[in-house]
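Grab a coffee and work through these short exercises with the structure open beside you. Each task comes with a worked solution.

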Amino acid sequence: MEKLIDDHTHGMMMHNSSDGGMTMMNHRKMMMHMTFFWGSNTQILFSGWPGTRTGLYVLALIAVFMLAFMVEGISHSRLTKSGSIHHVTAGLVQTLLHALRVGLAYLVMLAIMSFNGGVFLAAVAGHSLGFFFFGSRVFNKNPTTVPAAKTSDLTPMSC
């Protein structure tokens, strides 16, 4: 069952897909899921990637996992130690780290917007394991740090 939404959708049509979710199609017949789905036949970040190739789907899941893991690593990095470099240089390093963190986080967000359940789980697992290694107390070399002490170069990410 297809129906035209209105003139504001720029030629997009919505219909119920075979897996029970809603999909959107434009005049070029590209499909975009509007609900989570399971399966390796998906499109993540780039047109046609990974497509129908299962090996590339696994590679895409690893890439999303690593992106999320790197976001956590950058979020808890400590490259500028107090007094070791000039404050302008430290500010530039912080700005570059912030830009890199935001860019990687947006890539993870765009990958999740594929609405593929495997991609979502890979992103959550990457963030979780990244936090475990970089943000938790498990690998903290100095477990008696004062909570108010600066633990990273960047401010915490917040919504």
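**Exercise 1.** Find what W38 touches once residues up to four places away in sequence are left out.

*Solution.* Leaving out those sequence neighbours, W38 makes contact with G117, G118 and L121. Keep in mind that this is a predicted model. Next, place the residue: W38 sits in the loop that links β4 (31-33) to β5 (42-43). Then check the separation: W38 and V119 are 81 residues apart along the chain, yet their C-alpha atoms are 9.4 Å from each other.

**Exercise 2.** Decide whether W38 and M113 are buried, partly exposed or exposed.

*Solution.* Start with the cut-offs: exposed means over 50% relative accessible area, buried means under 20%, and partly exposed is in between. W38 comes out at 66%, so it counts as exposed. M113 has 46%, so that one is partly exposed.

**Exercise 3.** Work out which surface patch M113 belongs to, and where M113 sits in the fold.

*Solution.* First the location: M113 is in the loop between α2 (87-112) and α3 (117-134). Now the patch: M113 joins L45, F46, Y106, L107, M109 and L110 in a nonpolar surface patch, and together they have about 660 Å² of accessible area.

**Exercise 4.** Sum up the whole chain.

*Solution.* Count the elements: the protein has three helices and six strands. Read from the N terminus, the order is β-β-β-β-β-β-α-α-α. For burial, 30% of the 159 residues count as buried. For the surface, about 10,700 Å² is exposed, with carbon and sulfur atoms supplying 68% of it. Finally, of the contacts between residues at least 6 apart in sequence, 54% join residues at least 24 apart.

Technical notes
Residues are numbered from 1 along each chain as its sequence is written. This is a predicted model: local features need pLDDT of at least 70, side-chain atom pairs count only at pLDDT 80 or more; totals for chains, interfaces and linings use all residues. Side-chain values use heavy atoms; hydrogens and water are left out. Patches are made of residues with over 30% relative accessible area and no salt bridge: like charges are joined within 9 Å, nonpolar side chains (Val, Leu, Ile, Met, Phe, Trp, Tyr) within 5 Å. Accessible areas come from the Shrake-Rupley method with a 1.4 Å probe; for residues, only the protein chains shown count as cover. A salt bridge is a side-chain nitrogen of Lys or Arg within 4 Å of a carboxyl oxygen of Asp or Glu. Helices (H or I, at least four residues) and strands (E, at least two) are DSSP runs, numbered from the N terminus. Buried means under 20% relative accessible area, exposed over 50%, partly exposed in between (1.4 Å probe, protein chains only). Contact means heavy atoms within 4.5 Å.
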